[in-house]
Amino acid sequence: MPRRVDAKGATARSPFALAHAAAWPRLLPVVDTPQEPGRMLTRRHLLQQGAMSLVGSAALRALEARGAAGAVRGLAGALPHFAPKARRVIYLFMNGAPTHTDLFDYKPMLQKLHGQPVPESYFAGKRFSTMTGNPAGKLLLRPVEPYAQHGQCGAWVSNFMPHTARVADHLCFIKSMHTTQVNHAPAVTFFLTGSEMPGRPTLGAWLSYGLGSDTQNLPAYVAMTSVSKGTTCGQIFYDYYWGSGFLPTQHQGVPFRRGGEAVLYLANPPGMGRPLRRTLLDGLSQLNTLRHQEQGDPEILTRISQYEMAYRMQASVPELTDISGEPQSVLDLYGPSVRERGTFAHNCLLARRLAERGVRFVQVMHAGWDQHGSLTTELYNQCRDTDQPAAGLVRDLHQRGLLDDTLVIWGGEFGRTPFLQGDISNRPRWGRDHHPYVFTLWMAGGGIKPGITHGASDDLAMNPALHPVHVHDFQATVLHLLGIDHEQFTFPFQGRRYRLTDVHGEIVKDILA
């Protein structure tokens, strides 16, 4: 007689699809047929059995690891290595590369030399995008908006960011960031995974694997995306921006959608009640357990785990996304678009609600910063849509006492050139090209010194001049704040032990509180 087991598919690995998939599991026949003993053990079967004893057994232990408060311990077991300053991260990733020279990196020399060719000594031997090619003859461009100093710390912030300016005393500006990538997707991937090539685990996946979650009812890692309306410079959000790479797929980020249901297939289909759903999942878990005993595939354990997560999310996500109980005073912090699903403001509010419910890593990505020819038009829209929500998030976390152990990060994949892209006589079409050699990001809370500026660029904001910070240094510092030694936090894959920072990275100790 043929046996029937549930089919393994890609959608079964994502909890936002499993709630629906579990209602109607596809069944495939597996027929027992006599085989010669010598043909029973294939190379695939041998590797599967090996996986059962290594990764599979580790994954099974993680599924059984439940703390008294409902927390889920990470697979790495021994983490954190030391007492963390931060328990969670909210990463406001500005996809498209904000212009540091127009927002945070004030350079009077750019005003003075406006319209003059950039000196060769500043760009000699450097590679730029194909849109710039050789920068010889390119004209320096002054900041579009004026700057002023703000807060007791005296941080320079342009008029583009008035709300961020008001929380400057909470922020640490790193003005000497630099990267190796000059194009968007590789640069974003490099920041999020430590490698410019897709396929490595993202920072959120590493933290889910290593530290687990403080809640059983929501994923450890959630990703949300937004884009300013009417922008012509939005970037694509690739799934691998929140992928788990070679880590077990239960650690991939769960994307919350901008429109319709926040999480697909969350509602039960007609005729499917909660008790029936529970009975169905119990039976399905038994079938998957039997299959795992036969195959030793750790992804089957991921499937069991994600079915259970989807079941719990049916109750937790509607409560999470219902913001009707938020006081008007809190909504006002995030700006007028906070009630509109899919906006950056709405996502920032959800990020706070996720953080206070125990989610380890919230990745809020906003596209539209790629101003090749729209500094005097669309940059205003970008700042209008993001400035108040980002500052409001910092203020909201602070007033709730959450900022002390929540690390907030704001920044893009690289900066933009101090010289002009376009015709200087055509102000409505002023732009700046990609610039990986120096740029600015800010961090707040979670063990970061508030009200300081670390590092500096040169007088034209072209290169680091003081305390340069590489992407791997940034990643090592984030892990350190969460109690993780980046050199010891590894995962075996394809014959070597990988880590987020590859073989690089130095902790930026001067910014630690």
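Author: Helices (H or I, at least four residues) and strands (E, at least two) are DSSP runs, numbered from the N terminus. By that rule the protein chain has 14 helices and 19 strands. This is a predicted model, where local features need pLDDT of at least 70 and side-chain atom pairs count only at pLDDT 80 or more, while totals for chains, interfaces and linings use all residues. Residues are numbered from 1 along each chain as its sequence is written, and side-chain values use heavy atoms, with hydrogens and water left out.

Reader: What makes residues 469-470 a strand, S17?

Author: A strand is a run of E in DSSP, so the two residues 469-470 meet the minimum length. His470 sits in S17. His467 belongs to the loop between strand S16 (464-466) and S17.

Reader: Why is His467 called partly exposed?

Author: Buried means under 20% relative accessible area and exposed means over 50%, with partly exposed in between (1.4 Å probe, protein chains only). His467 has 41%, so it falls in the middle class. His470, at 16%, is below the lower limit and therefore counts as buried.

Reader: What makes the phi of His467 worth a look?

Author: Most residues other than glycine have a negative phi, and most peptide bonds are trans. Phi of His467 is near 50 degrees, a positive value. Ala97, in the loop between S3 and helix H4 (100-103), also has a positive phi, near 85 degrees. Ala97 has 0% relative accessibility, so it is buried. As for peptide bonds, the one from Leu79 to Pro80 is cis, with omega near 0 degrees. Pro80 lies in the loop between helix H3 (43-64) and S3.

Reader: How do you know that His470 makes a polar contact with the backbone of His472?

Author: A polar contact is a pair of N or O atoms within 3.5 Å; within protein, one must be able to donate a hydrogen and the other to accept it, and residues adjacent in sequence count only if both atoms are side-chain atoms. The backbone nitrogen of His472 is 3.0 Å from a polar atom of the His470 side chain, so the distance fits the rule. Plain contact (heavy atoms within 4.5 Å) is a separate term. Setting aside neighbours within four places in sequence, His470 is in contact with Met177, His178, Thr180 and Phe190.

Reader: Why is Thr202 called buried?

Author: Its relative accessible area is 0%, so Thr202 passes the test for buried. Thr202 is in the loop between helix H7 (184-193) and helix H8 (203-211). A polar atom of its side chain lies 2.8 Å from the backbone oxygen of Gly243. Beyond four places in sequence, the residues that Thr202 touches include Tyr221, Tyr240, Tyr241 and Trp242.

Reader: How do you know that Arg88 is buried?

Author: Arg88, in strand S3 (residues 88-95), has 8% relative accessibility, so it is classed as buried. The Arg88 side chain makes a polar contact with the side chain of Thr406 at 2.7 Å. One of its polar atoms is also 3.4 Å from the backbone oxygen of Ala355. Beyond four places in sequence, Arg88 touches several residues, among them Val359, Arg360, Asp405 and Leu482.

Reader: What makes a group of residues the largest nonpolar core?

Author: A nonpolar core is a set of buried Ala, Val, Leu, Ile, Met, Phe, Trp, Tyr and Cys residues joined through side-chain atoms within 4.5 Å. The largest one has 62 residues, and those with the most contacts inside it include Met161, Met224, Phe256 and Trp410. Eight residues, the largest share, come from H12. A second, separate core of 52 residues includes Ala187, Val188, Phe190 and Ile484. Over the 513 residues of the chain, 57% count as buried.

Reader: Why is the second largest cavity called a cavity?

Author: On a 1 Å grid over the protein atoms alone, a cavity is a set of points where a 1.4 Å probe fits but cannot get out, and lining residues have an atom within 4 Å of a point. Points are joined across faces, edges and corners, and the volume is the space filled by probe spheres set on them. The structure holds four cavities of 30 Å³ or more, and the second largest has about 70 Å³. Met224 and Phe256 are among its lining residues. Helix H12 (residues 344-356) gives the largest share of that lining, three residues.

Notes
On a 1 Å grid over the protein atoms alone, a cavity is a set of points where a 1.4 Å probe fits but cannot get out, and a pocket is an open set with protein on both sides within 12 Å along at least five of seven lines; lining residues have an atom within 4 Å of a point.
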